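Trainee: Could you take me through one part of this structure up close? I'd like to see how the local details fit together.

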Amino acid sequence: MSFSKLLSLLLLVNFIFIYQSHSSPDNNVTKAQSHIKPKKVHLSLYYESLCPYCRSFIVSQLVKVFNTDLLNIINLRLVPWGNAQYVKPKKTIICQHGEDECYLNTIHACAISIWPDPRKHFNFIYCIENQGLPIKDNQHSDGMEAVWKACSARSGMDQKLIKDCYDSGYGRKLLLQYATETDHLYPKHLYVPWVTVNNQPLYDKYEDFITYVCNAYKDKDLVRACLSNSLKVTEEKFSRSPVCYVEIRSQIQQRLHCCSGGT
């Protein structure tokens, strides 16, 4: 072998060695990757506005997301459809607790669309649900409008934007999109509140959602709420968290027969 070929071979071997040393697991690329934050946990609540158990969960439990640092690790979605039914022949929405519920579900949907930041629309929805609204089947009362308008004023949210969304029919379109999403849940929802963490339902353990969120997040040391929360699911509970069950079709048909048309 000539001297020039030998020199070329040595240079090639040296290049390969340098390249491999910079590509080793201990290099800067790996170190940079180690600082990538874990993905946020997807927390979704499928609910209806006048279900007393949804109301209680929102006001007493879900609010903890905003009273702690949990929101830093959560992508929160509120889906205001619940156990409502869309009856295609008459293009009618039938809500479990009457027309007031259909009305407020639509108002919620409009607020979520107009102000997608969960801090803003949750504050508004929390205010409405915290009123302890009476349930009046088969009618839409003017009192519901007064409630959400008072909450929009308190939250600094433009009432006209919400009213235009509702009056234009856009709110109804949003509601039907939520209907499609809820109807295609797998496994299907059986009741509300229906809480999922990374698309997995918590069933009757929904009040333990913080535990499930913290267990799903990969770096618990960064979240004070997870450090202070017991990370063991309370399987020993004797009483299940209360829920509003999906109505059977015959009940929906009976409600359709007596109602004027929903939202």
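**A close look, starting at a helix end**

Mentor: Sure, and keep in mind that this is a predicted model. Let's begin just after α8, where glycine 169 has a positive phi of about 90 degrees. Now go to the other end of that helix, which covers residues 159-167: at its start, a side-chain oxygen of aspartate 158 comes to within 2.9 Å of the backbone nitrogen of lysine 160.

From there, let's move to the sheet. It is an open one, made of four strands in the order β2-β1-β6-β7, with mixed pairing. At the edges sit β2 (74-80) and β7 (200-201), and each of these pairs on one side only. As background, the strands of a sheet pair through backbone hydrogen bonds, and they can do so in a parallel or an antiparallel way. Here, β1 (residues 41-47) and β6 (residues 194-197) run antiparallel to each other, paired over four bridges. If you want a spot to zoom in on, find leucine 45, which stands opposite valine 195 in β6. A helix joins the picture too: α5 (residues 99-114) packs on the sheet and touches β1 and β2. Its direction makes about 145 degrees with that of β2.

Next, the aromatic rings. The count comes to eight aromatic pairs. One of them is phenylalanine 66 with phenylalanine 122, a stacked pair with 4.4 Å from centre to centre and 20 degrees between the planes. Why does this pair tie together parts that are 56 residues apart in sequence? Because phenylalanine 66 lies in helix α4 (residues 64-67), while phenylalanine 122 belongs to helix α6 (residues 118-129). Phenylalanine 122 is buried, at 4% relative accessible area, whereas phenylalanine 66, at 23%, counts as partly exposed.

Now look at tryptophan 194 and tyrosine 203. Their ring centres are 5.3 Å apart and their planes meet at 85 degrees, so this pair is edge-to-face. Planes over 60 degrees apart get that name. Here as well one partner is buried, namely tryptophan 194 with a relative accessible area of 2%, and the other, tyrosine 203, is partly exposed at 36%. These two rings also belong to one aromatic cluster, formed by Tyr191, Trp194, Tyr203 and Tyr245.

Terms used:
Residues are numbered from 1 along each chain as its sequence is written. This is a predicted model: local features need pLDDT of at least 70, side-chain atom pairs count only at pLDDT 80 or more; totals for chains, interfaces and linings use all residues. Side-chain values use heavy atoms; hydrogens and water are left out. Rings of Phe, Tyr and Trp (its six-membered ring) pair if their centres lie within 6.5 Å; planes under 30 degrees apart count as stacked, over 60 as edge-to-face and the rest as tilted. Helices (H or I, at least four residues) and strands (E, at least two) are DSSP runs, numbered from the N terminus. Buried means under 20% relative accessible area, exposed over 50%, partly exposed in between (1.4 Å probe, protein chains only). A polar contact is a pair of N or O atoms within 3.5 Å; within protein, one must be able to donate a hydrogen and the other to accept it, and residues adjacent in sequence count only if both atoms are side-chain atoms. Two strands pair if DSSP finds at least two bridges between them. Contact means heavy atoms within 4.5 Å. Axes are lines fitted to C-alpha atoms, for helices over the stretch in contact, and angles run from 0 to 180 degrees between N-to-C directions.
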